[in-house]
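Visitor: Could you take me through this one, and may I interrupt with questions as we go?

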Amino acid sequence: MSRGGGQAAVRVVPAGTTDAPAPVAGPVRVRISDLSKSYESDRGPVQALSGISLDIHDSEFLTVLGPSGCGKSTLLKCVAGLEPVTGGRILIDGKPVTRPPPDLGIVFQRDLLLDWRTNLDNVLISVEFLGLRKRDFVDRARQLLDLFGLAGYEDRYPWELSGGMRQRVAICRALVDNPGFLLMDEPFGALDAMTRDDLNLELQRIWLRDKKTALFITHSVPEAVFLSDRIIVMDRNPGRIAAEFVVDLPRPRTLSDRETAPFIRYSAEIRATITGMGILRNE
Ligand SMILES: Nc1ncnc2c1ncn2[C@@H]1O[C@H](COP(=O)(O)OP(=O)(O)OP(=O)(O)O)[C@@H](O)[C@H]1O
Ligand SMILES: [Mg+2]
């Protein structure tokens, strides 16, 4: 397949195909093998994930798309070592995950900011958790807040911010110690379209500069195409991988690339596949 999004650039890998050629050269960072996860609830066990097998390569940007309740957040929490798995296993750098890996930055679906700490101190909380010297990271925390449009809000509190601003503080918190591995659960879901565009660009820039490994969750097909090397589509009941797409478009991608024929072809193909599976409606 040629780079540059020429004809027939969309590659759909059938679900369950594990021997497809790696889209990204580089060692496997995360290996998920036959993962299952069930939760106990008042109404009995809930099978959130079943038979998930997936490799994430070093420096790869992998996005998970799927309907509400298909287990995207569960998958992310299992990879982060925050939820024990019920079956199968997850290896990060060859080692089973039992707790969050040291170079992990995570953005949760809800911002989980502490309202009694200033925004700057919220950004620095991960530094404290890691036992690093806070003062070594204050400048970087301020730079990140500035980069994400929050200059002047460092000494204010999360309860003084809009939902989108809070989420941006949470993104700064995930990036403050420059982690090599990023897990992001719908980080831009609460943002207006223009801010979301800006942050898509910023995330791509940071990712290209630092070559982070990223597992990203979104409900937006164009956002997934814009950011990703590869896109996994999940279905629900139980949560499982339904399709996989390799996004073979050159980088850096610009916002206007979204109006180009190759980009539109990717979005249309992914949407058609998702609709064809009955996961999304077309009308
Ligand atoms: N702590 C929990 N206890 C019981 N069931 C849970 C728990 N967390 C999630 N679930 C269930 O597991 C399934 C997957 O939930 P999850 O939050 O992973 O979905 P999701 O794909 O992230 O959805 P959304 O797009 O709405 O965020 C759902 O049926 C949900 O009700
Ligand atoms: Mg979720």
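Visitor: Which atoms coordinate the magnesium ion (ligand 2)?
Guide: In this predicted model, the magnesium ion (ligand 2) is coordinated by OG of Ser-73 and OE1 of Gln-109, at 2.0 to 2.2 Å. Ser-73 belongs to helix H1 (residues 72-79) and Gln-109 to the loop between S7 and helix H2 (119-123), so the pair ties together parts that are 36 residues apart in sequence. Donors here are N, O and S atoms within 2.8 Å of the metal (3.2 Å for Na, K and Ca), and as water is not among the atoms, sites may look incomplete. Helices (H or I, at least four residues) and strands (E, at least two) are DSSP runs, numbered from the N terminus.

Visitor: What conventions sit behind the numbering and the values?
Guide: Residues are numbered from 1 along each chain as its sequence is written, while chains are lettered from A and ligands numbered from 1 in the order in which they are written. Local features in this predicted model need pLDDT of at least 70 and side-chain atom pairs count only at pLDDT 80 or more, whereas totals for chains, interfaces and linings use all residues, and side-chain values use heavy atoms, with hydrogens and water left out.

Visitor: Back to the ion: is Ser-73 buried or exposed?
Guide: Ser-73 counts as buried, at 16% relative accessibility, whereas Gln-109 is partly exposed with a relative accessible area of 43%. Buried means under 20% relative accessible area, exposed over 50%, and partly exposed in between, with a 1.4 Å probe and protein chains only.

Visitor: And how many residues of H1 are buried?
Guide: Seven of the eight residues of H1 are buried, which leaves the helix mostly covered; among them are Lys-72, Thr-74, Leu-75 and Cys-78. After H1 comes Gly-81, whose phi is positive, near 75°.

Visitor: Switching topic, where does Lys-37 sit?
Guide: Lys-37 is placed in strand S2 (residues 28-41), and at 5% relative accessibility it counts as buried. Its C-alpha atom is separated by 9.1 Å from that of Gly-71, 34 residues apart along the chain.

Visitor: What does S2 bridge to?
Guide: S2 runs antiparallel to strand S3 (residues 44-57), joined by 10 bridges, and Leu-35 stands opposite Ile-52 in S3. The two strands form a hairpin with two residues between them.

Visitor: What about S10, why would one call it enclosed?
Guide: Six of the six residues of strand S10 (residues 230-235) are buried, so the strand is largely enclosed by the rest of the structure. Both faces are covered, with Arg-230, Ile-232 and Met-234 on one side and Ile-231, Val-233 and Asp-235 on the other.

Visitor: Which strands are its neighbours in the pairing?
Guide: Strand S4 (residues 61-65) pairs with S10 in the parallel sense over four bridges, where pairing requires that DSSP finds at least two bridges between the strands; Leu-65 has Val-233 of S10 as its bridge partner. Strand S11 (residues 240-246) runs antiparallel to S10 with six bridges, and Met-234 stands opposite Ile-241 in S11. S10 and S11 form a hairpin with four residues between them, and Asn-237 in the turn has a positive phi of about 55°.

Visitor: Now the voids: how much space lies in the largest pocket?
Guide: The largest pocket holds about 520 Å³ of space. It is lined by 18 residues, and those closest to its centre are Pro-100, Leu-104, Ile-106, Ser-126 and Phe-129. On a 1 Å grid over the protein atoms alone, a pocket is an open set with protein on both sides within 12 Å along at least five of seven lines, a cavity is a set of points where a 1.4 Å probe fits but cannot get out, and lining residues have an atom within 4 Å of a point. Grid points are joined across faces, edges and corners, and a volume is the space filled by probe spheres set on the points.

Visitor: Which elements supply the pocket lining?
Guide: Strand S7 (104-107), helix H3 (125-129) and helix H5 (163-175) each supply at least two residues.

Visitor: And the largest cavity, what lines it?
Guide: The largest cavity, of about 30 Å³, has a lining that includes Phe-148, Ile-171, Met-184 and Glu-202, and its largest share, four residues, comes from H6.
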